[in-house]
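User: I'd like a close look at the charged side chains in this one. Could you walk me through how they pair up and how open to solvent they are?

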Amino acid sequence: MKTVEVPCLLVWGEKDAIVLVPVAQKMKEVIRGARLDIIKEADHGVAYKNPKVFADHLTAFFQSL
């Protein structure tokens, strides 16, 4: 993760029981310039269970570049 040199968006479910939010927060610290979006009430399958919300976060991220 320390070698990532491109814009990085981490999208995480607030209730992810597989990879907990503190892991995502640590990843954000390690990946220079990374952005972490935590989706309320979502779990590990946020991209599949909440595709509209996931896509909205991706769109906002790409527009910010």
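Analyst: Here is a walk through the salt bridges, followed by a stop at one aspartate. Keep in mind that this is a predicted model.

The structure holds 5 salt bridges, and I'll go through some of them. Start with the pair formed by the side chains of Lys 15 and Glu 41, where the N to O distance is 2.8 Å. Lys 15 sits in the loop between strand 1 (9–13) and helix 1 (21–30), while Glu 41 sits in the loop between strand 2 (35–39) and helix 2 (46–49), so this bridge ties together parts that are 26 residues apart in sequence. As for solvent, Lys 15 is partly exposed, with a relative accessibility of 46%. Its partner Glu 41 is exposed, at 58%.

Next come two bridges inside helices. In helix 1, Lys 26 and Glu 29 are 3 residues apart, about one turn of the helix. Their side chains meet in a salt bridge at 3.9 Å, N to O. If you're wondering how that figure stands against the cut-off, a salt bridge here needs the nitrogen within 4 Å of the carboxyl oxygen. Lys 26 is partly exposed, with 49% relative accessible area, and Glu 29 is exposed, with 62%.

Helix 3 (residues 51–64) holds Lys 52 and Asp 56, which are 4 residues apart, again about one turn of the helix. The salt bridge between their side chains has an N to O distance of 2.9 Å. Here Lys 52 counts as exposed, at 59% relative accessibility, whereas Asp 56 is partly exposed, at 38%.

Now for the aspartate I promised: Asp 37, which lies in strand 2. Is Asp 37 buried or exposed? With 9% relative accessibility, Asp 37 counts as buried, because the cut-off for that label is under 20% relative accessible area.

What does the side chain of Asp 37 make polar contacts with? One partner is the side chain of Arg 35, at 3.0 Å. Another is the side chain of His 57, at 2.8 Å. His 57 turns up again in the wider contact list: setting aside neighbours within four places in sequence, Asp 37 is in contact with Leu 9, Leu 10, Val 11, Trp 12 and His 57.

To put the two ends of the tour side by side: Glu 41, in its bridge with Lys 15, is exposed at 58%, whereas Asp 37 is buried at 9% and makes its side-chain polar contacts with partners including Arg 35 and His 57.

Key. Residues are numbered from 1 along each chain as its sequence is written. This is a predicted model: local features need pLDDT of at least 70, side-chain atom pairs count only at pLDDT 80 or more; totals for chains, interfaces and linings use all residues. Side-chain values use heavy atoms; hydrogens and water are left out. Buried means under 20% relative accessible area, exposed over 50%, partly exposed in between (1.4 Å probe, protein chains only). A polar contact is a pair of N or O atoms within 3.5 Å; within protein, one must be able to donate a hydrogen and the other to accept it, and residues adjacent in sequence count only if both atoms are side-chain atoms. Contact means heavy atoms within 4.5 Å.
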